[in-house]
Amino acid sequence: GGIQNPAASSGTSGAPPATAQPITPEAPGLKFVGRVDVAGADDASFAWSGSGVIANFSGSSAAVRLAGGQQYTVLIDGALQPMLTSTGGLDSLASGLADGPHTVEIYRRTEANQGESRFQGFEFAGGQLLAPPAPAERRVEIVGDSITAGYGDEGADMNCSFSPDTENHYLTYGALSARALGAELSTVAWSGKGV
């Protein structure tokens with residue numbers, strides 16, 4: 001079976017299936033990317049561009065609970081999904097998944113000046129959280145300003161004004177380079193500011 005992703009671009013809220021078990025931020029199988037504060041048991045906070053969470057799981061569907069109303073790049077089994085705008089409730093990421101292991105990746109698209117994201121957990125219907133992804137052999141940290149954050153990289157041209165809808169860290173030179181090198185990326189970037 002393939003991946004079905006109904007209405008993921010705006011987030012789909014709803015009650016989880018009866019077989020879904022919540023996976024909270026302190027679960028040992030989660031891999032956080034970038035600078036993430038996991039001090040609280042109720043959520044993991046992050047704000048820097050490209051920060052997020054990765055999990056291996058089994059189950060027929062995946063959903064996430066994120067507070068903060070930000071926009072995210074989502075991948076299921078390495079396949080890019082429509083942009084997710086968090087509803088603040090339970091947002092469906094994929095359904096109708098085939099039996100077997102799967103990977104979900106969620107990365108923040110926008111920079112810290114757009115507010116904080118709070119990861120509150122995953123739910124996997126009919127499955128469970130599996131062992132975390134292996135650590136990357138390479139790690140890269142990039143410090144920069146707007147170009148590093150992804151300001152306007154999805155805009156009409158180089159003269160577009162700022163909008164969260166046109167900023168996408170996943171398409172930045174740093175993110176593209178890290179993926180090409182198989183490296184884990186941590187980005188610290190703020191438009192108009194630098195080192």
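This passage walks through the overall make-up of the protein, then its second helix, its aromatic rings, its salt bridges and a few single residues.

The model is a predicted one. It has two helices and 14 strands. Of its 195 residues, 49% count as buried. What about the contacts between residues with a separation of 6 or more? Here, 75% come from residues 24 or more positions apart. The accessible surface adds up to about 9000 Å², and carbon and sulfur atoms hold 53% of that.

Helix 2 runs over residues 173–181, and its buried residues are Gly174, Ala175 and Ala178. Looking down the axis of helix 2, these buried residues fall within an arc of 95 degrees, so they line one face of the helix. A bit of background helps here: an α-helix has 3.6 residues a turn, so residues three or four places apart point the same way. And what do the buried residues of helix 2 pack against? Their partners are strand 13 (138–144) and strand 14 (183–189). Right after helix 2 comes Gly182, with a positive phi near 65 degrees.

Next, the aromatic rings. A pair of rings is described by the distance of the centres and the angle of the planes. The structure holds seven aromatic pairs. One of them joins Trp48 and Trp190: the ring centres are 6.4 Å apart and the planes sit at 75 degrees, so this pair is edge-to-face. Trp48 is in the loop between strand 3 (44–46) and strand 4 (52–58), while Trp190 is in the segment after strand 14, so the pair ties together parts that are 142 residues apart in sequence. Both rings belong to partly exposed residues, with a relative accessibility of 23% for Trp48 and 30% for Trp190. Tyr151 and Phe162 make another pair, with centres 5.4 Å apart and planes at 40 degrees, so this one is tilted. Tyr151 and Phe162 each lie in the loop between helix 1 (146–149) and helix 2, so the parts tied together here are 11 residues apart in sequence. Tyr151 is partly exposed at 34%, and Phe162 is partly exposed at 27%. Elsewhere, ring pairs link Phe32, Phe57, Phe119, Phe122 and Phe124 into a cluster.

Some rings also have a charged side chain over the face. Arg179 lies over Tyr170, at 3.7 Å from the ring centre. Lys193 does the same with Trp190, at 4.9 Å from the ring centre.

Now for the charged pairs. Side chains of opposite charge can pair when their charged atoms come close. How many salt bridges does a search of the whole structure find? The search finds five. In one of them, the side chains of Lys31 and Glu184 meet with an N to O distance of 3.4 Å. Lys31 is in strand 2 (residues 31–33) and Glu184 is in strand 14, so the bridge ties together parts that are 153 residues apart in sequence. Are these two residues buried or exposed? Lys31 has a relative accessible area of 15%, so it counts as buried, and Glu184 is buried as well, at 18%.

Arg35 and Glu141 form another salt bridge, with the closest N and O atoms 2.6 Å apart. Arg35 sits in the loop between strand 2 and strand 3, and Glu141 sits in strand 13, so this pair ties together parts that are 106 residues apart in sequence. Arg35 is partly exposed, with a relative accessible area of 45%, and Glu141 is partly exposed at 45% too.

Arg118 and Asp43 also form a salt bridge, the closest N and O atoms being 3.0 Å apart. Arg118 belongs to strand 11 (residues 117–125) and Asp43 to the loop between strand 2 and strand 3, so parts 75 residues apart in sequence are tied together. Arg118 is partly exposed at 29%, whereas Asp43 is buried at 16%.

Finally, a few single residues. Ser61 is found in strand 5 (residues 61–67) and is buried, with a relative accessible area of 14%. Leaving aside neighbours within four places in sequence, Ser61 is in contact with residues including Ala94, Leu97 and Phe124. Asp77 lies in the loop between strand 6 (71–76) and strand 7 (79–80). The phi of Asp77 is near 50 degrees, a positive value in a residue other than glycine. Thr85 is found in strand 8 (residues 84–85). The C-alpha atoms of Thr85 and Gln71 are separated by 4.4 Å, with their positions 14 residues apart along the chain.

How values were computed
Residues numbered from 1 in each chain as written. Predicted model: local features only at pLDDT ≥ 70, side-chain atom pairs only at ≥ 80, totals over all residues. Heavy atoms only, no water. Helix = DSSP H or I, 4+ residues; strand = E, 2+ residues; numbered from the N terminus. Buried < 20%, exposed > 50% of the residue type's maximum accessible area, 1.4 Å probe, protein only. Arc of directions from axis to C-beta. Contact = heavy atoms within 4.5 Å. Areas by Shrake-Rupley, 256 points an atom, 1.4 Å probe, with all protein chains shown as cover. Phe/Tyr/Trp six-rings, centres within 6.5 Å; stacked < 30°, edge-to-face > 60°. Lys NZ or Arg CZ within 6 Å of the ring centre and 35° of its normal. Salt bridge = Lys/Arg side-chain N within 4 Å of Asp/Glu carboxyl O.
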